[in-house]
Amino acid sequence: MTMERIMKGIFFLFLLSLLTTCVVHGIFMDKLATKKLCADEECVYTISLAKAQDDYNAPDCRFINIKKGQQIYVYSKLVKENEAGEFWAGSVYGEHYEEEMGIVGYFPSNLVKEQHVYQEATKEIPTTDIDFFCE
């Protein structure tokens, strides 16, 4: 067996494993914005607690379903660009919604009303591909 043939085999296995990883573990979706507002530089602190004013059905895996009256922790706010809608990232909170708790996704900001602001979202940070990754 020649070295060239061995290298082609290794490369093929690498491509196959990369494809399998993407299919099994998720996909990178289109970015909704290039910047987001956060409470801190690492974007790890909760900005606020909001209450859903209406139902929202997620159009794809980047978003979360919300029901009127649900409490939602807000973690970041995408900076609106051009004609795009304004979306926030958060997760549903509450005993009645245990299945959805912990799932982070985007939702239209105009469907919620902030009930309590923990920290102001003053840090503008570039979004990354991982911000729009779907499992």
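Is P59 buried or exposed? In this predicted model, P59 is exposed, because its relative accessible area of 58% is over the 50% cut-off. P59 belongs to the loop between β3 (48–52) and β4 (71–78). F107 is 48 residues away from P59 in sequence, and their C-alpha atoms are 10.0 Å apart in space.

**Salt bridges**

Side chains of opposite charge can pair when their charged atoms come close. Across the whole structure, a search finds four salt bridges. Among them are the pairs in this table.

| Pair | Closest N to O |
|---|---|
| K35 and E124 | 3.6 Å |
| K36 and D131 | 2.9 Å |
| D60 and R62 | 2.6 Å |

The side chains of K35 and E124 meet in a salt bridge. K35 lies in strand β2 (residues 35–38) and E124 in strand β8 (residues 123–126), so this pair ties together parts that are 89 residues apart in sequence. K35 is partly exposed, with a relative accessibility of 37%, and E124 is also partly exposed, at 47%.

A salt bridge also joins K36 and D131. This pair links distant parts of the chain, with K36 in strand β2 and D131 in the loop between β8 and β9 (133–134), 95 residues apart. K36 is buried, because its relative accessible area of 10% is under 20%.

D60 forms a salt bridge with R62. D60 has a relative accessible area of 22% and is partly exposed, whereas R62, at 13%, counts as buried.

Technical notes. Residues numbered from 1 in each chain as written. Predicted model: local features only at pLDDT ≥ 70, side-chain atom pairs only at ≥ 80, totals over all residues. Heavy atoms only, no water. Helix = DSSP H or I, 4+ residues; strand = E, 2+ residues; numbered from the N terminus. Buried < 20%, exposed > 50% of the residue type's maximum accessible area, 1.4 Å probe, protein only.
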